Amino acid sequence: VESKRRLEQKLGNTVTAICYPSGSFNNTVVAAAPEAGYQIGFTTKPGLGSFASPADERFRLRRVSMYGDSKYEADFHLAKMMLKRMLFGKSWS
């Protein structure tokens, strides 16, 4: 709560998202995030999310890591992740 308040004060904007420090989170941390005023929470777990995910999963969002130095490498990596999601359904790995 305090770090969110300080960020909002310094930035002059509302902070609505949290990325769990070092990717460390558990059910207690996930339950505390909305109580602290966050609307979504990001993990460091790889994978694609979905707008069809259950509402309680909005505090366990996964990320797509980008590799390489060029935009084309990042686009290729994202396309690969999206294809994997299409082929394997709701598998996040």
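How many helices and strands does the secondary structure of the protein come to? In this predicted model, the secondary structure comprises three helices and three strands, and, read from the N terminus on, the elements follow one another in the order α-β-α-β-β-α. The helices are α1, covering 2-11, α2, made of residues 27-35, and α3, made of residues 71-88. The strands are β1 at 17-19, β2 at residues 40-46 and β3 at 61-63.

The strands are a convenient place to begin. They form an open sheet of three strands in the order β1-β2-β3, and the pairing is parallel. Strands β1 and β3 are the edge strands, each of them pairing on one side only, and from one strand to the next the twist averages 35°. In a regular strand, the side chains alternate between the two faces of the sheet.

The two pairings can then be followed residue by residue. Between β1 and β2, which run parallel, there are three bridges, and within this pairing Cys19 has Phe42 of β2 as its bridge partner. Between β2 and β3, which also run parallel, there are two bridges, and here Pro46 has Arg63 of β3 as its bridge partner. The connection from β1 to β2 passes through helix α2, and the β-α-β crossover made in this way is right-handed.

From the sheet, the account turns to the interior. Of the 93 residues in the protein, 18% are buried. The largest nonpolar core has seven residues, namely Val15, Tyr20, Val30, Ala33, Ala36, Tyr38 and Phe59. Among these core residues, Val30 and Ala33 can be placed on helix α2, which spans residues 27-35. Tyr38, another member of the core, has contacts that reach to several parts of the chain: apart from its neighbours within four places in sequence, Tyr38 touches Ser3, Lys4, Val15, Thr16, Ala17, Ile18, Ala33 and Phe59. Of these partners, Ser3 and Lys4 fall within α1 (2-11), while Ala17 and Ile18 fall within β1 (17-19). For the protein as a whole, 33% of the contacts with a separation of 6 or more are accounted for by residues 24 or more positions apart.

The loop between β1 and α2 deserves a separate look, and Pro21, Ser22 and Asn26 are among its residues. Why does Pro21 count as exposed? Pro21 counts as exposed because its relative accessible area is 59%, and the cut-off for this class is over 50%. The C-alpha atom of Pro21 is separated by 9.7 Å from that of Phe42, although the two residues stand 21 residues apart along the chain. Ser22 is likewise exposed, because its relative accessible area comes to 80%. The backbone of Ser22 is also notable, with phi near 60°, which is a positive value in a residue other than glycine. Most residues other than glycine have a negative phi. Asn26, in the loop between β1 and α2 as well, has a relative accessibility of 42% and therefore counts as partly exposed. The C-alpha atoms of Asn26 and Arg60 are separated by 9.5 Å, with their positions 34 residues apart along the chain.

Two further residues, elsewhere in the chain, can be described in the same manner. Thr14 belongs to the loop between α1 and β1, and it is exposed, because its relative accessible area is 63%. Its C-alpha atom is 9.7 Å from that of Gly37, a residue 23 residues apart from Thr14 along the chain. Lys84 lies in helix α3 and is partly exposed, because its relative accessible area is 35%. The C-alpha atoms of Lys84 and Leu48, 36 residues apart along the chain, are separated by 9.4 Å.

Finally, the surface can be described for the protein as a whole. The accessible surface comes to about 7,000 Å², and carbon and sulfur atoms contribute 58% of this area.

Methods. Residues are numbered from 1 along each chain as its sequence is written. This is a predicted model: local features need pLDDT of at least 70, side-chain atom pairs count only at pLDDT 80 or more; totals for chains, interfaces and linings use all residues. Side-chain values use heavy atoms; hydrogens and water are left out. Two strands pair if DSSP finds at least two bridges between them. Helices (H or I, at least four residues) and strands (E, at least two) are DSSP runs, numbered from the N terminus. Axes are lines fitted to C-alpha atoms, for helices over the stretch in contact, and angles run from 0 to 180 degrees between N-to-C directions. A crossover is right-handed if, with the strands pointing away from the viewer, the path from the first strand over the helix to the second runs clockwise. A nonpolar core is a set of buried Ala, Val, Leu, Ile, Met, Phe, Trp, Tyr and Cys residues joined through side-chain atoms within 4.5 Å. Buried means under 20% relative accessible area, exposed over 50%, partly exposed in between (1.4 Å probe, protein chains only). Contact means heavy atoms within 4.5 Å. Accessible areas come from the Shrake-Rupley method with a 1.4 Å probe; for residues, only the protein chains shown count as cover.
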